[in-house]
Amino acid sequence: MSAHAIPDTPEIRARMDAAQAEGMAALGLHGSEVQAWEDGYRAAEAADSTFEWWYFDCQFDDGSTLVVTFSNKPHTDPGGPITPTVLVIRQLADGTRTHVEPSFPAESFAAETTRCDVRIGANTVTGDLDTYRLHVDVKGLTADVTIHRAAPSWRPGAGITFFDAAKTHYLAWVVPVPYGTVEATITQSGKTVTLTGTAYHDHNWGNHLMGSFLDHWFWGRAHLGEYTLVYVQMTTKGLFGLGQIQIPTFYLARGNEVLTDDLLPLRLTTSGEVPGPGHQTYPTRLEWTWEREGDRIAFTVTQPRLIEALDMRPRRSPLSAVLHAGEHPEYYDFTADAELDIRLGELVDRVTGRTLYEKMMFR
């Protein structure tokens, strides 16, 4: 089944604007400016049917990285009980990697609705959009991290996408820190280091098994020169009987100014497909283009290096495992070279650097 992009027409734009206005009213949002409560516990009143996570990644000046995700439950089991986890991935500049994801008792989880304030056992994160502080203590690794936002907080419209006609199944997100600076003190194996670098934070929640309506997605973020990008393409499994649809999302900022978050002109072309772990493949070149009324943005991603590959198959009964034997859901995380060409009105610029991106496959 071939996937097709959402047409960029006045009629489609009007329908999308109406849908976003409806979504903002339903979620209690007022305008495009993100408020601190939007990074609070959004599933608090529907925790029995909703997964939620707060994601942070840090790229340090010494070439090492740290990823931390606080989750109330697995996204593969939105209707399951609260099963809090703290995912920590620490990779050193030489490629040495630690990956731990301990589970905690349900009673060890607490989160506020008025702002980001999450506790899972001894692990905590608090933040007010401007500043975030994380404390992590898992399986021999401790970290104290402070992130300062350096690009405007953002969500694409209402930040919610519905995947059924009744508008009951959804995936939602907000990006409190598209780009920020970070200081961290990390202790592991008896060695303590103090680091500086850059960071990103987003926050996701939903109430339905994502693999039931999504085939795959590409998601990435970059900070090149003075520009910050967040770019996404989700491909559905067949939405509203219309076949597979490519749903784009795009954010481009320069310093504290959002240059555009108009998503409809964004298109993705991939090439150079190669085999990857878990019976899946990935492209070695991604060409993102954005064109509207004479303006053009081109973002080219090449030379991907696979950082992480995760088998995303949920635990199944023996019968279910047989029925789903042909499915190989897999998560790939990459770092890659990136080139950004901008022609927006009088702004003409070209910058190069690095990008982090992922390919999530549900099939």
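Is Tyr-170 buried or exposed in this structure? With a relative accessible area of 16%, Tyr-170 is buried, because the cut-off for that class is under 20%. The model is a predicted one.

## The pair of Phe-162 and Tyr-170

A pair of aromatic rings is described by the distance of the centres and the angle of the planes. The search of the whole structure yields 18 aromatic pairs. One of these is formed by Phe-162 and Tyr-170, whose ring centres are 6.3 Å apart and whose planes meet at 70°, an edge-to-face arrangement.

Phe-162 has a relative accessibility of 24% and therefore counts as partly exposed. Its partner Tyr-170, at 16%, is buried.

## The pair of Tyr-282 and Tyr-332

Tyr-282 and Tyr-332 also form an edge-to-face pair, because their planes stand at 80° with the ring centres 5.8 Å apart. Tyr-282 belongs to strand S20 (residues 280-282) and Tyr-332 to strand S23 (residues 330-344), so the contact ties together parts that are 50 residues apart in sequence.

Both Tyr-282 and Tyr-332 are buried. The two tyrosines belong to one aromatic cluster together with Phe-334 and Tyr-357.

## The hairpin of S4 and S5

Strand S4 (residues 85-91) and strand S5 (residues 97-100) run antiparallel and are joined by four bridges. Within this pairing, Gln-91 stands opposite Arg-97 of S5.

The two strands, S4 and S5, form a hairpin with five residues between them. In the turn, Gly-95 adopts a positive phi of about 95°.

Terms used:
Residues are numbered from 1 along each chain as its sequence is written. This is a predicted model: local features need pLDDT of at least 70, side-chain atom pairs count only at pLDDT 80 or more; totals for chains, interfaces and linings use all residues. Side-chain values use heavy atoms; hydrogens and water are left out. Rings of Phe, Tyr and Trp (its six-membered ring) pair if their centres lie within 6.5 Å; planes under 30 degrees apart count as stacked, over 60 as edge-to-face and the rest as tilted. Buried means under 20% relative accessible area, exposed over 50%, partly exposed in between (1.4 Å probe, protein chains only). Two strands pair if DSSP finds at least two bridges between them.
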